[in-house]
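Work through the exercises below with the sequence and the model side by side. Try each task before you read its solution.

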Amino acid sequence: MDENRSSGAGTLEVSQADCIVMRPEPLSWVHLTATFFILLLFSWLGIDLSRQSDGVSTIWFTNGLLFALVVVRPRNQWIPYFVVGLSADILADVIYGDPFPLALGVSVANSVEVITSSVLLTRWFGSPFPLTRRRPLLAFLGVAVLGATAVTSAMGASWTLLFVNAGPWWMLFRTWYLGDVLGMAIIAPLVFILQRPGFFVVLQRQRLMNTLLVLTVPAIATALVFSQSKDPLIFFIFPALLLVVFRLGFPGTVLSIFVIALISISFTIKGHGPLMLITGSNLLHRIVIEQIFLAVALFTCFPVAALLEERKELQDSLLKSEQRYRELANADALTGLANRRGFDERLEKEWSRAEGRGESVALLLIDVDLFKSYNDIYGHIGGDACLRCIAKVIADTLQRHSDIAARFGGEEFAVILPASELDAALRVAESIRHAVLAMNLPHSGNPNGVQTISIGVAAAVPDRKTSVTSLLTASDHALYRAKYLGRNRVEGAVAETHGMEMSAQD
């Protein structure tokens, strides 16, 4: 390695599905092997980058990469990954010509950083580690980025000086530390978000162009600032970076800082950019300032991006809760269908929609025949069970997603059929009546011996001269006719401005 871096009375039935035991995801040896070669490559790149910058460790990739891979996995899989990380680090150092004892010592120091950060942060915040949330992120910046890297840098600097005369300990520590800080702070969040399923939403076709345009702004700003050495315009990068923070959130911020780091480090190493204006400075000094600039950028933007992400999650949660409470407010507690308030709201909405489209809307009013007698015979608990069964039959019989079933009140139900003529509505009503009859729910007080229903059907094409009340009145009259004619039947009516056309169906 480079010398300068590097309860109830009933019976409980348990189904087979209820007895499934969640087993931990098995260790993927293919993934582990791929991880070894990726870590080996990035260890080699980190060492090579330090050689190109006069022995200064500009950024060290592998510790942050390994940390991000580990903290999203079960703890029982950590040890193989730690072993892979240590082996890849040692091999990269040996390939570059470092003696094995030196390579072993500095690699162990790197492992201490990853192991310490992983254990402490997952112990405090759980596993998998929620890096993108504000408090865990601040803990990550404090423990992994600032704390564990300091311990590793001290160990690595001390071990290196046992084999190589690399100058003052504090200077070796400083260059090692800043490279480690940047690597952990930039690479770990980058790899972490790349493993999140939701990350690739910003790369979907409908959002890809916007994502690329927003990410291009800080990239162009950084290239313009660091491609010239006449004026110290480095502050122009921050407005562009804030644009990414507010438009793309935490994932975009991580990507943007990674791109900014690549561009600015490349120009600085080649002797370009505003840092060349620092008088009397050498490359080491300029790279240190470059590292401090990147550290300030990420320590400023990461917490803001995480806070915005938490706020968005809270807003989404509140919207879902509001929607859920709205559904509960419009739901009948006994049957689970829409209640009277929900029915009234949907009927008004469908009536207005049908008026705008010139379509017919149909309404079914359903009465449970001789329900008072059913309650007297089987009790109110039995009556409730009867209503639940009928509600389920009604809901299951409806074929279209747009059809709405509701409990109209007491033992009455209602069904709204958007874009339906009378004939189609009568067929639906007959299907419901036959389905209830097919339940064979005993009712000794009914002449049929089983529970039956009566249904009144009406349909109308709304216009400005009619109101939804006409549809309700027509279906109510049809229901009254069905009950008057002996129950267990369907009667229909067409609600019109100038009268009502009656149609019967047995």
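Six exercises follow, each with a worked solution.

This is a predicted model, in which local features need pLDDT of at least 70, side-chain atom pairs count only at pLDDT 80 or more, and totals for chains, interfaces and linings use all residues. Residues are numbered from 1 along each chain as its sequence is written, and side-chain values use heavy atoms, with hydrogens and water left out.

**Exercise 1. Two valines of helix 8**

Task: Place Val244 and Val254, and list what each one touches.

Solution.
- Step 1: find the element. Val244 is in helix 8, residues 237–269. Val254 is in helix 8 too. Helices here are DSSP runs of H or I with at least four residues, strands are runs of E with at least two, and both are numbered from the N terminus.
- Step 2: check burial. Buried means under 20% relative accessible area, exposed means over 50%, and partly exposed lies in between, with a 1.4 Å probe and protein chains only. Val244 has 0%, so it is buried. Val254 has 1%, so it is buried.
- Step 3: list the contacts, meaning heavy atoms within 4.5 Å. Leave aside neighbours within four places in sequence. Val244 then contacts Val214, Leu215, Pro218, Gly249, Gly252, Thr253 and Ser256. Val254 touches Ile186, Pro189, Leu190, Ile193 and Phe302, not counting residues up to four places away.
- Step 4: compare sequence and space. Val244 and Val217 are 27 residues apart in sequence, with C-alpha atoms 8.4 Å apart. Val254 and Ala188 are 66 residues apart along the chain, and their C-alpha atoms are separated by 9.5 Å.

**Exercise 2. A helix pair**

Task: Describe how helix 6 and helix 9 pack.

Solution.
- Step 1: take the geometry. Helix 6 (residues 169–194) and helix 9 (residues 283–329) pack at about 35 degrees, with axes 10 Å apart. Axes are lines fitted to C-alpha atoms, for helices over the stretch in contact; angles run from 0 to 180 degrees between N-to-C directions.
- Step 2: name the hand. The crossing of helix 6 and helix 9 is left-handed. That term applies if the near helix is turned anticlockwise from the far one by less than a right angle; clockwise is right-handed.
- Step 3: find the residues. Helix 6 contributes residues including Leu178, Gly179, Leu182 and Ile186. Among those from helix 9 are Val288, Leu294, Leu298 and Phe302.

**Exercise 3. Rings**

Task: Which kind of aromatic pair do Tyr374 and Tyr378 form?

Solution.
- Step 1: apply the rule. Rings of Phe, Tyr and Trp (its six-membered ring) pair if their centres lie within 6.5 Å; planes under 30 degrees apart are stacked, over 60 edge-to-face, and the rest tilted. The count comes to 18 aromatic pairs.
- Step 2: classify. Tyr374 and Tyr378 are 4.5 Å apart, centre to centre, with 40 degrees between the planes, and the pair is tilted.
- Step 3: locate them. Tyr374 and Tyr378 are four residues apart in helix 11 (residues 371–397), so about one helical turn separates them. Tyr374 is buried at 5%, whereas Tyr378 is partly exposed at 33%.
- Step 4: look for a cluster. Phe67, Phe125, Phe129 and Phe140 form one.

**Exercise 4. Cysteines**

Task: Why do Cys386 and Cys389 form no bond?

Solution.
- Step 1: use the cut-off. A disulfide is a pair of cysteine sulfur atoms within 2.5 Å. The structure holds zero disulfides.
- Step 2: check the distance. The sulfur of Cys386 has its closest cysteine sulfur in Cys389, at 6.8 Å, which is too far for a bond.
- Step 3: add accessibility. Cys386 is buried at 1%. Cys389 is partly exposed at 32%.

**Exercise 5. Backbone**

Task: Where is Pro128, and what joins Ser127 and Pro128?

Solution.
- Step 1: Pro128 lies in the loop between helix 4 (100–125) and helix 5 (134–161).
- Step 2: a cis peptide bond joins Ser127 and Pro128, with omega about 5 degrees.

**Exercise 6. Two asparagines**

Task: Is Asn440 buried or exposed? Is Asn488 buried or exposed?

Solution.
- Step 1: Asn440 is exposed at 52%. Its phi is near 55 degrees, a positive value in a residue other than glycine.
- Step 2: Asn488 is buried at 16%. Asn488 has a positive phi of about 50 degrees, although it is not a glycine.
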